[in-house]
Every structure is written in structure tokens, then in C-alpha cells.
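Hi everyone, thanks for making time. I'd like to walk you through a structure today, at an easy pace, so please have it open in front of you.

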Amino acid sequence: NGSLFKNAKAFPLGREEIEIITPAVRALRDLGVQRMIMISGDHQKAAQAIAGQVGLTEAWGDLMPEDKVDAIKRLREETKVAMVGDGVNDAPALVQANVGIAIGAGTDAAMESADLVLMNSRLSDVARALRLSRAMMRTIKQNLFWAFFYNSVGLPVAAGVLYAFGGWNDAAFVAAEVRNPQRNLPAALLLGTLLITLIYLA
């Protein structure tokens, strides 16, 4: 389900921040993102303490920008990785992640390096973006299925398959100018099936 990274701040979180971040973490967990890690340039103990405040079980501290890149690379060997960041030091790691997500209130470098920018600067929008992307993928797959089904039926008919069963398909003869459709029917069907397969796989 991927790993989500959020750059740690160098100060303890207040109640307001905890009330904002904790529901965002919970929403991502409800969507199946079970592993969320906070990476930070701050000391390990500080990063771990802040992570615990918002419900994260993993925190990696004492990381330079190049260390964050290496961390992303290691995790990409195991799974797909999304990273949320807002600073200049996050930019290289945002590029390395499968999906880089920048905070709208962050630095220009982070926004230019990211694949997605949260314009409202709300962490809750990360979960919203994930739900939206999944809905879009469902729609794309449904469209591909119906296109495959339609072409599977339509192309053989257009190629003159009904003629082989005693039917009549004038459109096929006019379009292809075929004098002997029975002779060309196997080749037409083979070509139609190949085109459908290529469209579906694309």
C-alpha cells in the first residue's frame, strides 16, 4: 500500500496541530496506507516524540537531504512510495518518490519537484487525493472494459462476420471494397482482435 513520508518540524506540536494531523493520519490508515514514516533532519529522539504525538509508529531522524533520497530508494525496492514535503531539503526526495506531494505553503523548490501540490496546505487533502485517484482508476478500467467489449463485438461485425452465417453486411463491403469477403474474413478478424488487444493493453 505504499509508505508516506512527512518531514518533521523541530518543535513540539501544539494541541491544534495534533488535532489537524492525527485525523489525516487516521484517514490514510483507513484507506489502507498502513505504513507511514516521518523522516527528519532533527535528532532521532525528537522525531520519534513528534511522530508519537500524531499516531505514527516510525520516525527516522538525523537525515541529510541525500539520506532522505537513499531512504526513498530503499523503500522503493519494497513497495510504491509517496512522500509529503514542504522544504528545500525535501525536493530531491520528492523527485525520487513514486509520487511526490508538496504542501502549497512550502518552498518553490518543493512544489516544482512534486507531482502533486496541495494548494490548501491541508494534510487531510492527501487522503482526498488518494480517494480521487482511486476513483479515476476505477473509471478508466471500466471505460477500457466497455471499449474492449464494444470493439470485440463491433469489429467482427464490421469485418463481415455476419456474412459467414448467411447475414448481410453492406458496410463492410463498401468500406473495404472486398469482392470475396469469405476469403478475407479470417485475416480481418485476426487484425481486429490484434487491434483490440493492443488498445486494451495500452
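I'll begin with the overall picture, then go through some helices, a few single residues and the salt bridges.

One thing to keep in mind from the start: this is a predicted model. The average pLDDT for the protein is 76, and 68% of the residues score at least 70. Where is confidence highest, and where is it lowest? The high end is helix α3, residues 65-76, with a mean of 93, while the low end is helix α8, residues 170-176, with a mean of 46. There are also two stretches to read with care. Over residues 1-11 the pLDDT stays under 50, and the model has 53 contacts there beyond four places in sequence. Over residues 168-182 the pLDDT again stays under 50, and here the model has 14 such contacts.

Now the general layout. The protein has nine helices and six strands. It is 202 residues long, and 32% of those residues count as buried. If you take the contacts between residues at least 6 apart in sequence, 46% of them join residues at least 24 apart. The accessible surface is about 12,500 Å², and carbon and sulfur atoms account for 60% of that.

Let's go to helix α2, residues 44-53. Which of its residues are buried? They are Ala47, Ile50 and Ala51. These three sit on the same side of α2, because they cover an arc of only 100° around the axis. And what do they pack against? The buried residues of α2 pack against two strands, β2 (35-39) and β3 (58-60). After the helix comes glycine 55, with a positive phi near 90°.

While we are in this region, have a look at threonine 22 in helix α1, residues 15-30. Its relative accessible area is 18%, so threonine 22 counts as buried. Leaving out residues up to four places away in sequence, threonine 22 touches Gln53 and Val54.

Next, a residue with an unusual backbone angle. In general, most residues other than glycine have a negative phi. Aspartate 62 is not a glycine, yet its phi is positive, about 60°. You'll find aspartate 62 in the loop between β3 and α3, and with 44% relative accessibility it is partly exposed.

Another loop, between β4 (81-85) and α4 (91-96), holds valine 88. Is valine 88 buried or exposed? It is exposed, with a relative accessible area of 52%. Valine 88 still has partners from further along the chain: not counting residues up to four places away in sequence, it touches Thr107 and Ala109. Its C-alpha atom is 7.9 Å from that of aspartate 108, although the two residues are 20 apart along the chain.

Staying with the surface for a moment, Met137, Ile140 and Leu144 make a nonpolar patch of about 240 Å². Of these, leucine 144 belongs to helix α6, residues 124-158, and is partly exposed, at 31% relative accessible area.

Let me finish with the salt bridges. Side chains of opposite charge can pair when their charged atoms come close. How many salt bridges does the structure hold? There are five, and I'll show you three pairs.

The first pair on my list is glutamate 58 with arginine 35, whose closest N and O atoms are 2.9 Å apart. This pair links distant parts of the chain, since glutamate 58 is in strand β3 and arginine 35 is in strand β2, 23 residues apart. Glutamate 58 is partly exposed, with a relative accessible area of 23%, and arginine 35 is partly exposed too, at 30%.

Then we have aspartate 90 with lysine 68, at 3.0 Å between the closest N and O atoms. Aspartate 90 is in the loop between β4 and α4 and lysine 68 is in helix α3, 22 residues apart, so this pair also links distant parts of the chain. Both of these residues are buried.

The last pair is aspartate 125 with arginine 128, and here the closest N and O atoms are 3.9 Å apart. These two are about one helical turn apart, because they are three residues apart in helix α6. Aspartate 125 is buried, at 8% relative accessibility. Finally, salt bridges with shared partners join Arg35, Glu58 and Glu78 into one network.

Methods
Residues are numbered from 1 along each chain as its sequence is written. This is a predicted model: local features need pLDDT of at least 70, side-chain atom pairs count only at pLDDT 80 or more; totals for chains, interfaces and linings use all residues. Side-chain values use heavy atoms; hydrogens and water are left out. Helices (H or I, at least four residues) and strands (E, at least two) are DSSP runs, numbered from the N terminus. Buried means under 20% relative accessible area, exposed over 50%, partly exposed in between (1.4 Å probe, protein chains only). Contact means heavy atoms within 4.5 Å. Accessible areas come from the Shrake-Rupley method with a 1.4 Å probe; for residues, only the protein chains shown count as cover. Patches are made of residues with over 30% relative accessible area and no salt bridge: like charges are joined within 9 Å, nonpolar side chains (Val, Leu, Ile, Met, Phe, Trp, Tyr) within 5 Å. A salt bridge is a side-chain nitrogen of Lys or Arg within 4 Å of a carboxyl oxygen of Asp or Glu. The arc is that of the directions from the helix axis to the C-beta atoms. pLDDT is the predictor's confidence in each residue, from 0 to 100.
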